[in-house]
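Take a first look at the chain below. The report that follows starts with one residue and then widens out to the whole fold.

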Amino acid sequence: MAAHADCAYVLDVREPDEYQAGHVPGAVTMPVTQLPLHMSELPQSPPVYVICGTGNRSRSMAEFLVRAGFNAHFVGGGTLAWARAGHPIVYGGERHPT
């Protein structure tokens with residue numbers, strides 16, 4: 001996910017407790033159950049990189065967003081792969097779309 005360094009929009013679709021237990025710096029949280037209700041809060045222009053713990057939820061949510069017209073991409077391996085690759089993880093906090 002090299003695009004993260006270029007201020008990409010990273011959407012974490014895990015539950016709040018999972019997000020708080022460790023997430024990609026700058027990631028915005030929106031659980032899977034809330035995504036269909038709050039898609040209007042997502043940016044239309046920059047790519048949206050959808051991430052979860054391992055990639056299962058993010059794959060289906062990225063596909064859902066693509067069908068809705070977003071430039072969405074799923075992050076294979078999720079936050080677990082991000083951390084295993086030695087990238088930074090942030091703990092706690094909540095960052096919702098604005």
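Is Asp12 buried or exposed? Asp12 counts as buried, because its relative accessibility is 0%, and the cut-off for buried is under 20%. Keep in mind that this is a predicted model.

**Around Asp12**

Asp12 sits in strand E1, which covers residues 9-12. Many residues touch Asp12, even when those up to four places away in sequence are left out. Among them are Tyr19, His23 and Ala27. The run Val28, Thr29, Met30 and Pro31 also touches Asp12. So do Ile51, Cys52 and Thr79.

Asp12 has a charged partner too. Arg14 forms a salt bridge with Asp12. The closest N and O atoms of this pair are 2.7 Å apart. Arg14 counts as buried as well, because its relative accessibility is 7%.

**The salt bridges**

How many salt bridges does a search of the whole structure find? The search finds two. One is the pair of Arg14 and Asp12. Glu18 and Arg57 form another, with the closest N and O atoms 2.9 Å apart. This pair links distant parts of the chain. Glu18 lies in helix H1, residues 16-20. Arg57 lies in helix H2, residues 56-67. The two are 39 residues apart.

How covered are these partners? Glu18 counts as partly exposed, because its relative accessibility is 26%. Arg57 also counts as partly exposed, because its relative accessibility is 29%. Both values fall between the cut-offs of 20% and 50%.

Here are the four side chains together.

| Residue | Relative accessibility | Class |
|---|---|---|
| Asp12 | 0% | buried |
| Arg14 | 7% | buried |
| Glu18 | 26% | partly exposed |
| Arg57 | 29% | partly exposed |

**The whole chain**

Now step back. The protein chain has three helices and four strands. In what pattern do they follow one another along the sequence? The pattern is β-α-β-β-α-β-α.

The protein chain has 98 residues, and 41% of them count as buried. Asp12 and Arg14 are examples of buried residues. The chain exposes about 5,200 Å². Carbon and sulfur atoms supply 56% of that area.

Contacts also reach along the sequence. Take those between residues at least 6 apart in sequence. Of these contacts, 62% join residues at least 24 apart. The salt bridge of Glu18 and Arg57 spans such a separation, with its partners 39 residues apart.

Notes:
Residues numbered from 1 in each chain as written. Predicted model: local features only at pLDDT ≥ 70, side-chain atom pairs only at ≥ 80, totals over all residues. Heavy atoms only, no water. Salt bridge = Lys/Arg side-chain N within 4 Å of Asp/Glu carboxyl O. Buried < 20%, exposed > 50% of the residue type's maximum accessible area, 1.4 Å probe, protein only. Contact = heavy atoms within 4.5 Å. Areas by Shrake-Rupley, 256 points an atom, 1.4 Å probe, with all protein chains shown as cover.
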